[in-house]
Amino acid sequence: MKNAYDKTMTGLLLFGSLLTLALLAYAAYDENLGADWYHHQSDYRCQLFARAATDRERQTAERFDVRQKQLYLPALGRIDRCITCHVGVEDPSMKNAQQPLTSHPGDIMANHPKEQFGCTICHLGQGRANTETDAHGHVPHWPDPMLATEELDRSCAKCHTQGPLPGVPRYNEAIALFHEKACVSCHLLRGQGGDAGPEITNAAEVDHGDMPKKEWHFKHLKDPKSVVEASEMPDLNLSDEEATALTFLMMSLTGEPIPTEYLSNPKPKPIEMRMMDPMAAKGHVGSQVCIGCHQGLHPDAVDGWRKSPMSSTYERLKNEPTKDNCLACHTTGFNPETGHYSEEGVGCEGCHGPGAVAVKFVLAGQVDKHKEAIRLNPDSTLVCVRCHNPHVPVGVHANHYRKQPPRSGQAGG
Amino acid sequence: MAYSAGRQFLSNLKNVPRNLRDSVMRHGRPTSDRARTQTVVQNFFLHIHPSRVHNHTLKWTTTMGLGIMTTALFLILTVTGILLMVYYKPSVATAFDSIKDIHFVVPTGRMMRNVHRWAAHGMVVMVMMHMARAFYTSAYKRPREFNWVLGMMLFVLTLGLSFTGYLLPWDQLAFWAVTIGSSIAGSPSEVTDAFGITQSFDPGGRIRELLLGAHYIGEEALIRFYTLHIMVLPIALSVILGVHFWRIRKDGGLARPASADPPITQDGLKPGEAPDKTFGLMAVVRERTPATDQAIENTSPAWPRLFRVEAALTVLVLLITVVLSIWLDAPLKELANPEVPENPAKAPWYFLGLQELVSYSAFMGGMVIPGIVVVGLALIPYLDREDEDVGIWFSGRQGRRIATASTVYGIVLSVGILAFTVKFKWLGEWDWVRNLIGEVPPIVITLFNPGTVFVLAAAAWSIGLLRVTNSTRMAAIGLFTCFLVCFVIMTYFATFLRGPNWDFYWSQADWPVIEH
């Protein structure tokens, strides 16, 4: 018994140890010299040498260290190791090289230095990974695979919250529509906007059961009640193209916190914060609030106002030195005692009167009282002649009011 | 003088290796039996071993090396665990990313994590197989009762270590598995709910709170699990493991049948035993003192035979974990998201049998039945005190037949109960019951569900064996086998045949697809 048994054990010990060592050596090779990134970087180094014409270029090639590289982006909470393979991303001479060594196309890197932005903030994918499949994120259990080139513009809206942006037509169309439809009058976006509807800061992340998100947003924008039965959102009468554009924008709202210094417009124009609590609002609420619903209810009237001189009447005098004299008629909700106003230009409340009470009614579901509170007497022209003074014709009114003493301008009497 | 001191120095220099070795070893090369004994006895690390080991112990069929392999896995886990600790950051914000970094860029990190994972699963398997081996060879019998109890503690600690480690990656798998596990801990609420006293008396909630440090799984739970995983449980396990080994020696080595030794001589002594000469120190060992001047028959010096086996089996399990680790990565799902439940959310595999029972009744399946099993197992040596046939697999032919019959009975029983439950559901969903008594009170389900039916049927089988064979050992074999078979079947069933909403599916391919 002794000999066979001991021999087996000795054999197991010997061959087991050798095999384990061999496998560990293989694993070490596989992790370093055998790794894909190692081949890519060696290839890049060779190309640097092959191209080096001057001494300086040869020194650059010699100094190139074949090792894993990463972009550490604490502000964005990311570590991007993409440049471990895409090592020529900023090297203009690699323009015609094969992937992964090719340089970044376009001039976008000029405004978006990789040390500040990294890669995955725009491209998505798994920045921490260092193998192609893992890094590109087309693997199970990675929620954000790399965006296809034609989908890349989705990322612009992460930081460019205002628009327009040269060379990104789909984004421009979407953002213009977004402002036109005044979505933020009801929906909170990045801490600003109304609360009549759900917050949309992370609209792209919200799950909608079995329906793919893109499809859900499109249906929802075309006809809110088709996907949310109890939806109070008005039908926006969007064309298919418009709904597609807004869907694209919704899909870009990932809710990912972006540091202020990365935003295109670090201090966006404050939207009436009184809308945060409409029940506590007093006086004027701003046209955006009205448009939020009425754009969908009777778009002709709203578009008519938009195209009329009233909506842009402030624009014409904003450079006037004596503009304080004009504010009573060129703004909405002007308070002659304080000189403050609620909105530039003549908005909804310029004629219909302060809307806070009416908003309270409609949010409480009392549509009749809402109408009553805001209705204009169709026979009354008093509201018009408040500004449209029949005794001061349009052509001469500017000179007339410039001569008035400062800030006394109660136009029209 | 100077010349001679210089020569002396050169000679000292030449002898450094030998003198260094002698000062460390305190004895010569282990070429004689005496030196071999000293090698063990005088070495801090080896002296937990006996200096001589019985040949029966070294036989492959005695232990199959399961205990050694379990210990080897624990060593591998300790080493890889310490290496992982260097890079792992136990905080909700960083844990997941640090695992990603370990996987992708930490030198050998992926290998270390994979080995750790596979060794952990292996240790759970090995510790169970080791327990089954000890049971079936009657190794728990007098004087080894308490070492069996220590073994049970080690078993529970191993599960605890594995379970606490499960949360640390902070991915969806971890988060939801621990959600299931911790709600099992909170299952006494089912009973207090049934009596409507949870408001004032909520032991389930308290246990869960103690485990998680909060009402949800977050930062507090992670740091608790981490502390348990890297410090409390490993230290407890190491200490008890030490006692476990020490008791092997104090209890007279591994259990072996009487036939392993030559027949007792006329004066009641085995050959090689001294008639009356005893060592004071050796007296605490429950064996007759060996004669001091000659080797005992049927024993071999531990050096090198036992150590060679230990080294060879350690290398074997290392080799297996390395092979698995090269080809199969430890899973890492999405970052934990408390708002997106996994469906199905499954506990770690060794708790899946329990989860199946929990799906019938959380309290019965999660607390009472495992409680009965653990306490019942620990009490086996005190309930079955038949001393015959120690060290013989299944205690002989009758035991083998009973184990076979019990395997068949266990398979029929657990498959039958599972099939019945899948096909017909249970009390609460039966129309005729509802027509008869209306809504079934939850406490009735708690007391009478497929889990309790199984336990009762297994107990009945065991009591039947006790009557027929008139042997507690045979009754114990029947019960143990039933539970072992049931554990394997339930684990398989819950792992592979339970899908979303804990519904039954023949294969994962039939699971309904949920798009996100």
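These entries record what I looked up on chain B and its interface with chain A in a predicted model.

**Chain B, overall**

I began with the secondary structure of chain B, which comprises 20 helices and 2 strands. I then took the extent of its C-alpha trace, which is about 105 × 65 × 45 Å along the principal axes. Of the 516 residues in chain B, 48% are buried. I also looked up how contacts are distributed along the sequence of chain B: among those with a separation of 6 or more, 75% join residues 24 or more positions apart.

**Surface and charge**

The exposed area of chain B is about 26,100 Å², and 67% of it comes from carbon and sulfur atoms. For charge, I noted 44 positive and 37 negative side chains in chain B. The centres of these two sets are 12 Å apart.

**Interface with chain A**

I next turned to the partner chain. The contact involves 36 residues of chain B and 32 residues of chain A. The size of an interface is often given as the accessible area lost when the parts come together, so I looked up that value. Chains B and A bury about 3,000 Å² between them, with 65% of it on carbon and sulfur atoms. On the chain B side, B:Phe104, B:Arg305 and B:Arg308 provide 21% of the area buried against chain A, more than any other three residues.

Finally, I checked the salt bridges and recorded 5 between chain B and chain A. One salt bridge pairs the side chain of B:Arg308 with that of A:Asp6, at 3.4 Å from N to O. B:Arg308 thus appears in my notes both for its buried area and for this salt bridge.

How values were computed: Residues are numbered from 1 along each chain as its sequence is written. Chains are lettered from A and ligands numbered from 1 in the order in which they are written. This is a predicted model: local features need pLDDT of at least 70, side-chain atom pairs count only at pLDDT 80 or more; totals for chains, interfaces and linings use all residues. Side-chain values use heavy atoms; hydrogens and water are left out. Helices (H or I, at least four residues) and strands (E, at least two) are DSSP runs, numbered from the N terminus. Buried means under 20% relative accessible area, exposed over 50%, partly exposed in between (1.4 Å probe, protein chains only). Contact means heavy atoms within 4.5 Å. Accessible areas come from the Shrake-Rupley method with a 1.4 Å probe; for residues, only the protein chains shown count as cover. Lys and Arg count as positive and Asp and Glu as negative; His and the chain ends are not counted. The place of a charge is taken as NZ of Lys, CZ of Arg, CG of Asp or CD of Glu. Buried area is the accessible area (1.4 Å probe) that two parts lose on being put together, summed over both. A salt bridge is a side-chain nitrogen of Lys or Arg within 4 Å of a carboxyl oxygen of Asp or Glu.
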